[in-house]
Amino acid sequence: MEKRSLEELDIRSWDETFDAAVQNKMTEALEGGKILYFPSLSFSLSPQELLLLDPEKMSPKSKNISFDLRSNGLQGMQCTQEEEEVMRAMIKRFAISSRKLLDALIPHYQSSVIQAKTSFRPVEIFGRKSSYRKDDTRLHVDSFPSNPVKGQRIMRVFTNINPNGQPRVWRAGEPFKDVVEKIAPRVSNPIPGVNHLLKLLKITKSLRTPYDHYMLQIHDEMKRDMNYQQTVPQEEIQFPPGSSWIVFTDLVSHAAMSGQHVLEQTFYLPAKGQKHPEYSPLATLERYFNRQLI
Ligand SMILES: O=C(O)CCC(=O)C(=O)O
Ligand SMILES: [Fe+2]
């Protein structure tokens, strides 16, 4: 698969070690807006775990099952206690494996990276109904309405664990700089005081910074504009079962079109913790608006 969005690396284990040349190449590619793609990095499941891939094990209101390594907490299941423990162990193993890989591949992040939630996504994406803002089949850069990141980077590790040979199909869009040039002129500026109100009303978990405001506006405007969705330069990527990938989802315009059964680990990284802070969405937006945004 020759794709401009991908930087491929043939590894087979989550415990791999890497020499400096590979570490450098991967760090540059990731920060430069590529998806690091590991076509043969699978995540093996036990027979017991395979039985839990059925979306029926989820509580009806959940979009996915989520786990927090910091608290050992598991959310989103509706099943027996025993099944819950099997699921917890599976997701936890993925959380630990993905951290191990990241530390070995990009040691530069080790001291400042924050491991956030891990998720298991057992629901078929294709045909799922949602409002346009929540519709991840539309190209977007990640930004969370209730969870301001204050300039921290959002990085995600994925593994397709589909047992039926079904790929996870993504689209990758244009470079972030181009997104900003096209979309930012149309977004509104933050209204002074509104961020305090949002926090008071508990709509946001902490104060929404101007950076979070603009990222959310860009996220929403990209998804709203169907003409943009259809005409922007883009490519389709198929991630087969048994493959893994790492991407800065706040930088890389992406859409998940179809697929079922993926494991996902989210990391936050302070922009100062990256090798090239000047490549961050924060730096790009601060250059564009010509002011400080956090
Ligand atoms: O579930 C997926 O494949 C990706 C969805 C998405 O947009 C994301 O996790 O940021
Ligand atoms: Fe996303």
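Biologist: Which spacing do the donors of the iron ion (ligand 2) follow along the chain?

Modeller: They follow the spacing H-x1-D-x111-H. Please keep in mind that this is a predicted model.

Biologist: What makes His140, Asp142 and His254 donors of the iron ion (ligand 2)?

Modeller: A donor is an N, O or S atom within 2.8 Å of the metal. The NE2 atom of His140, OD of Asp142 and NE2 of His254 lie 2.1 Å from the iron ion, so these residues are its protein donors.

Biologist: Why is histidine 140 called buried?

Modeller: Buried means under 20% relative accessible area. Histidine 140 has 2% relative accessibility, so the word applies.

Biologist: And how do you know whether aspartate 142 is buried or exposed?

Modeller: The reasoning is alike: aspartate 142 comes out at 5%, and therefore counts as buried.

Biologist: Let's turn to the helices. Why is α6 called roughly perpendicular to α8?

Modeller: The axes of helix α6 (residues 210-224) and helix α8 (residues 281-289) cross at roughly 95° and come within 11 Å. Angles of 65 to 115 degrees count as roughly perpendicular, so α6 is given that description relative to α8.

Biologist: Which residues make the contact?

Modeller: Helix α6 brings Tyr211, Tyr214, Met215 and Ile218, while α8 brings Pro281, Leu282, Leu285 and Phe289.

Biologist: How do the residues of the contact of α6 with α8 divide into nonpolar, polar and charged?

Modeller: Eight are nonpolar, with no polar and no charged residues. Tyr and Pro are in the nonpolar class here, along with Leu, Ile, Met and Phe.

Biologist: Now the strands. How do you know that β7 and β8 pair?

Modeller: Pairing takes at least two bridges between the strands. Strand β7 (residues 168-172) is joined to β8 by five bridges, so the two count as paired, and they run antiparallel. Across this pair, arginine 168 stands opposite phenylalanine 239, and tryptophan 170 faces isoleucine 237.

Biologist: Which residues form the covered and uncovered faces of strand β8?

Modeller: In β8 (residues 235-239), Glu235, Ile237 and Phe239 form the covered face, and Glu236 and Gln238 the uncovered one.

Biologist: What makes β8 and β10 edge strands?

Modeller: They belong to an open sheet of three strands with the order β8-β7-β10 and antiparallel pairing. Both β8 and β10 (254-258) are at the edge: each pairs on one side only. Neighbouring strands of this sheet are turned by 30° against each other on average, direction ignored.

Biologist: What is the order of the open sheet of eight strands?

Modeller: The order is β1-β2-β9-β6-β11-β5-β3-β4, and the pairing is mixed. Here the edge strands are β1 (6-8) and β4. The average turn between neighbours in this sheet is 20°, direction ignored.

Biologist: How do you know that β3 pairs with β4?

Modeller: They share three bridges, while pairing needs at least two, so they count as a pair, in the antiparallel sense. Serine 66 stands opposite glutamine 75 in β4. The hairpin of β3 and β4 has four residues between the strands, and asparagine 72 takes a positive phi near 70°. Strand β3 is also joined to β5 (residues 114-121) by three bridges, running antiparallel, with phenylalanine 67 opposite threonine 118.

Biologist: Which way do the residues of strand β3 point?

Modeller: Ile65 and Phe67 point one way, Ser66 and Asp68 the other, and all are buried.

Technical notes:
Residues are numbered from 1 along each chain as its sequence is written. Chains are lettered from A and ligands numbered from 1 in the order in which they are written. This is a predicted model: local features need pLDDT of at least 70, side-chain atom pairs count only at pLDDT 80 or more; totals for chains, interfaces and linings use all residues. Side-chain values use heavy atoms; hydrogens and water are left out. Donors are N, O and S atoms within 2.8 Å of the metal (3.2 Å for Na, K and Ca); water is not among the atoms, so sites may look incomplete. Buried means under 20% relative accessible area, exposed over 50%, partly exposed in between (1.4 Å probe, protein chains only). Axes are lines fitted to C-alpha atoms, for helices over the stretch in contact, and angles run from 0 to 180 degrees between N-to-C directions. Angles under 35 degrees count as roughly parallel, over 145 as roughly antiparallel, 65 to 115 as roughly perpendicular and the rest as oblique. Contact means heavy atoms within 4.5 Å.
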